[in-house]
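Biologist: I'd like to learn how to read a helical model, feature by feature. Can we start with how two helices sit against each other?

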Amino acid sequence: MQKTKQQDAIALLTTDHKEVKQLFKEFEKLCQQEDVDEEKSDLVEQICSELTIHAQIEEEVFYPAARDAIDEHDIMDEAEVEHASAKELIAQLGSMEPGDDLYDAKVMVLGEYVNHHVQEEEGEMFPKVKKSKLDLGALGDMLSERKQELREDMGMDMQDEDMPAAKPGRSEKSSSTRGKSNKSNKSMSH
Ligand SMILES: [Fe+2]
């Protein structure tokens, strides 16, 4: 159950990057299909939640530690500015629906921001952090704990964990389909 705890900070963030890039690939595939608005909307909701959490744990936990450990303020400053642009798009997508003007384009551009973010971090920032004296194991634990808290706050399923699927999750979004209706339908049918 505590699988993610054993990841050091860089491994944890790199895994996040891979997972979210995969989600963008799925979105691209959906864009080639018809009548998939609901899938798109669910996927984009997931992308935005994952990215929001990723950005937040980086800003709260990783960046301050990295900033102290490496003497490269430019890299850190750029990363923070890029987060701000991504958050702006995430906020816009939060009030949009598939089919709206520029919806797909905004998701694709968000994906491009993420690719760039990943390149900068994995290509520049992480190698420098690795060479520093930062305790990446301890930092990984802190990231993992904070990530878990945020996921719980957002009512997200705990992926990669052996949790029973009992948590009320994001399914309550469509209030028209409550579990109750099943039963009443049945009793009406005779
Ligand atoms: Fe990142």
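Modeller: Sure. This is a predicted model, and the general idea is to ask for an angle and an axis separation for each helix pair. Take H1, residues 9–30, and H2, residues 37–69: they pack at an angle of about 160°, with axes 10 Å apart.

Biologist: How are H1 and H2 oriented, roughly parallel or roughly antiparallel?

Modeller: Anything over 145 degrees counts as roughly antiparallel, so at about 160° H1 is roughly antiparallel to H2. Their crossing is left-handed.

Biologist: Which residues make that contact?

Modeller: On the H1 side you have Ala-9, Leu-13, Asp-16, Glu-19, Val-20, Leu-23, Phe-24, Glu-26, Phe-27 and Leu-30. H2 brings Glu-39, Lys-40, Leu-43, Gln-46, Ile-47, Glu-50, Leu-51, His-54, Glu-58 and Phe-62. Sorted by class, the contact has 11 nonpolar, 2 polar and 7 charged residues.

Biologist: Let's zoom in on Glu-19. Is it buried, partly exposed or exposed?

Modeller: For burial, you count C-beta neighbours. Glu-19, in helix H1, has 15 of them inside 10 Å, so it counts as partly exposed. As for distance, its C-alpha atom is 9.4 Å from that of Ile-47, a residue 28 places away along the chain.

Biologist: And what does the same count give for Ile-10?

Modeller: Ile-10 is in helix H1 too. It counts as buried because it has 21 C-beta neighbours inside 10 Å, and the cut-off for buried is 20 or more.

Biologist: What does Ile-10 contact, leaving aside neighbours within four places in sequence?

Modeller: Phe-126, Val-129, Lys-130 and Leu-136. Look at Phe-126 in particular: 116 residues separate it from Ile-10 along the chain, yet the two C-alpha atoms are 6.8 Å apart.

Biologist: How do I put a number on long-range contacts for the whole chain?

Modeller: Take the contacts between residues at least 6 apart in sequence, then ask what share spans a longer stretch. Here, 74% of them join residues at least 24 apart.

Biologist: Back to helix pairs. At what angle do H2 and H5 pack?

Modeller: About 150°, where H5 is residues 136–153, and the axes are 10 Å apart. That makes H2 and H5 roughly antiparallel, therefore, by the cut-off we used before. The crossing of this pair is right-handed. Ile-53, Gln-56, Ile-57, Glu-60, Val-61, Phe-62 and Ala-65 of H2 meet Leu-139, Met-142, Leu-143, Arg-146, Lys-147, Leu-150 and Arg-151 of H5. By class, that contact holds 9 nonpolar, 1 polar and 4 charged residues.

Biologist: What does the whole chain look like if I step back?

Modeller: List the elements in order, then check the burial. The chain has 6 helices and 0 strands, which run α-α-α-α-α-α from the N terminus. Of its 190 residues, 21% are buried.

Biologist: Where is the confidence highest, and where is it lowest?

Modeller: Start with the average: pLDDT is 85 over the chain, and 79% of the residues score at least 70. Helix H1 comes out highest, at a mean of 98, while helix H6, residues 181–188, is lowest at 40.

Biologist: How should I treat residues 161–190?

Modeller: Cautiously. Over residues 161–190 the pLDDT stays under 50, and the model has 13 contacts beyond four places in sequence for that stretch. Where pLDDT is low, the predicted coordinates shouldn't be read in detail.

How values were computed. Residues are numbered from 1 along each chain as its sequence is written. This is a predicted model: local features need pLDDT of at least 70, side-chain atom pairs count only at pLDDT 80 or more; totals for chains, interfaces and linings use all residues. Axes are lines fitted to C-alpha atoms, for helices over the stretch in contact, and angles run from 0 to 180 degrees between N-to-C directions. Helices (H or I, at least four residues) and strands (E, at least two) are DSSP runs, numbered from the N terminus. Angles under 35 degrees count as roughly parallel, over 145 as roughly antiparallel, 65 to 115 as roughly perpendicular and the rest as oblique. A crossing is left-handed if the near helix is turned anticlockwise from the far one by less than a right angle, and right-handed if clockwise. Two residues are in contact if their C-beta atoms, placed from the backbone, lie within 7 Å. Ala, Val, Leu, Ile, Met, Phe, Trp, Tyr, Cys and Pro count as nonpolar, Asp, Glu, Lys and Arg as charged, and the others, Gly among them, as polar. A residue is buried if 20 or more other C-beta atoms lie within 10 Å of its own, exposed if 12 or fewer, and partly exposed in between; C-beta atoms are placed from the backbone. pLDDT is the predictor's confidence in each residue, from 0 to 100.
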